[in-house]
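Trainee: Before I read anything into this model, could you take me through the terms used for it and show me how each one is earned?

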Amino acid sequence: MLSVRGRGAVRRLAAATLISGLVAAGALATAGPALADDAPGAGGVKAKLGNLSEEESGSVEISEKDGSKWSVRGGLFTMQVEGGGSLSTYCIDLRTPAKHDFDYKEVGWDQSSLHDNDDAGKILWILENGYPKLSTEVLGGNVGVDLSKSEAAAGTQAAIWTLSDNVTAKPKDADAQKLTDYLLEKATKLEEPKASLSLSPSSVAGKAGDKLGPITVNTNAKDVKVSVVPGAPEGVKVVDKAGNAVTTAANGAELFLDVPAGTADGTAEVAAEATTKVQLGRAFVSIDGPSQTLILAGSSDSTVTAKASATWAKKGAVPAVTVAKECAKGGLEVVASNEGDEPWTFDLKGTSHTVAPGEKKTILVPIAEDEAYKFTITGPNGFEETFEGVLDCETAPPGPKPSETPTTEPSTPASPSPSASEGTTGGDTTGGTTGTTGTTGGGDLAETGSSNATPMIAGIAAALVVVGGGAVFFLRKKKTAGH
């Protein structure tokens, strides 16, 4: 029987199966979508994961606390920003496969695997003092060796993995190892970097004739363009605290949505957009399903966006809802408020909640690690907010590598051949495996590539087709990019 600890392969398979089942049942007739952001107004950068750079990566040996060792290729990933721009990132979730073409979003440390990592500030120092922030020439001078891009990237990634995944990571190249030692010796804690752009809260409510808000702008950009999303009732506009119409805002600015008196009950959205470089150390988590967490190492000028919604009505309940991941609490925090003059009762995952007029209620929804979730909250006047995603708050614990993932009873893996002594650097889901010395307990795949879970997934897909009476459905193929 397969043994799985913590964030294991079975849990990941269950999440993938749930999402696939929704698609097969007719949730969408074509390719499966990216999972929606937990809080649509939270904003920030969204980007698509590319490949591991061949030029800026190298071989790293991983030593687990139980004495097992294995090799992997580590270095910089490229990411393409939605709306324009590019990012370079390192991995901070070593044992979880990276899925090529998955969509990612920028989040704070509290919504990622760094939420309980006392060394998160040291990882940021390594990014600020490692490659590519500093050139190979500067880094080589700091440690007294000549460094190539491959050695500099592998040395920086190894130092990060040592602190992010509680392992001993050593580049196989001796000069790269000197860089790793230097970075770990010198690292000190830095403060968490500021978000590129967010609007808080992401949902407000009130009555026509009032200014709805405030909605606070948080950004590292100099200027942010703000506007009402097309489709809003005539006369609705974005204003400041004094009631003056605004089209731009700076960090810390408070925005309001001015709804003229007499406007029919309805909703509108505030949109914000800026061009800026995302600060080093911002975390990126997948919104397409389980995939390794990344941390920003470099950014071009990139397009960042955010939205916030507003609801108003003449009488009755006037609801607003925001949802955010609370990794420290093991779930989602739902904040429901009511700016109306009547109570608002709604159902949340089978439990009824009532919010009195003028009240704000905070509800914790427990979610298991790697669990896919989707729920809708409704209210009067057509109010409806749907939230879906996957909770990904922990680094994967030690587990079987692709070459030793059991399908029935665990057994001792055969000794790896020389050709299997190093992990693959990229490619699709039929990629290679990772060689090991020693064995580990159950858990996630330690390297990207093929696994013995593939026949199980194929069987589930076939069963779904039979249940659907032969209906045809399509799943967008996701490639797996090596660490």
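What follows is a conversation that sets values from the model against the definitions behind them.

Mentor: Keep in mind that this is a predicted model, in which local features need pLDDT of at least 70 and side-chain atom pairs count only at pLDDT 80 or more, while totals for chains, interfaces and linings use all residues. Residues are numbered from 1 along each chain as its sequence is written, and side-chain values use heavy atoms, with hydrogens and water left out.

Trainee: Why is the contact between W344 and F383 called an edge-to-face aromatic pair?

Mentor: Rings of Phe, Tyr and Trp (its six-membered ring) pair if their centres lie within 6.5 Å, with planes under 30 degrees apart counted as stacked, over 60 as edge-to-face and the rest as tilted. The centres of W344 and F383 are 5.9 Å apart and their planes make 80 degrees, so the pair meets the definition of edge-to-face.

Trainee: What makes this pair a tie between separate parts of the chain?

Mentor: Helices (H or I, at least four residues) and strands (E, at least two) are DSSP runs, numbered from the N terminus. W344 lies in strand β20 (residues 344–348) and F383 in the loop between β23 (372–378) and β24 (384–390), so the pair ties together parts that are 39 residues apart in sequence. W344 and F383 also form one aromatic cluster with F346.

Trainee: How do you know whether W344 and F383 are buried or exposed?

Mentor: Buried means under 20% relative accessible area, exposed over 50%, and partly exposed in between (1.4 Å probe, protein chains only). W344 has 2% and F383 has 6%, so each of these values falls in the buried range.

Trainee: Why is K315 called exposed?

Mentor: K315 has a relative accessible area of 64%, and therefore counts as exposed. The place of K315 is in the loop between β17 (302–312) and β18 (319–326).

Trainee: What makes the contact between K48 and D103 a salt bridge?

Mentor: A salt bridge is a side-chain nitrogen of Lys or Arg within 4 Å of a carboxyl oxygen of Asp or Glu. The closest N and O atoms of K48 and D103 are 2.9 Å apart, so the pair qualifies. The bridge links distant parts of the chain, since K48 is in strand β1 (residues 46–63) and D103 in strand β5 (residues 103–107), 55 residues apart. K48 is partly exposed, at 31%, whereas D103, at 18%, counts as buried.

Trainee: Why is the contact between R282 and E192 also called a salt bridge?

Mentor: For R282 and E192 the closest N and O atoms are 3.9 Å apart, which is within the limit, and therefore the name applies. R282 is buried, with 7%, and E192 is partly exposed, with 38%.

Trainee: How do you know that the length of helix α4 agrees with its number of residues?

Mentor: The expected span of a helix is 1.5 Å times one less than its number of residues. For the 16 residues of α4 (residues 149–164) this should give 22 Å, and the end C-alpha atoms are 22 Å apart, which agrees.

Trainee: What makes α4 largely enclosed by the rest of the structure?

Mentor: Of its 16 residues, 14 are buried, so α4 is largely enclosed by the rest of the structure. Just after α4, N166 takes a positive phi of about 55 degrees.
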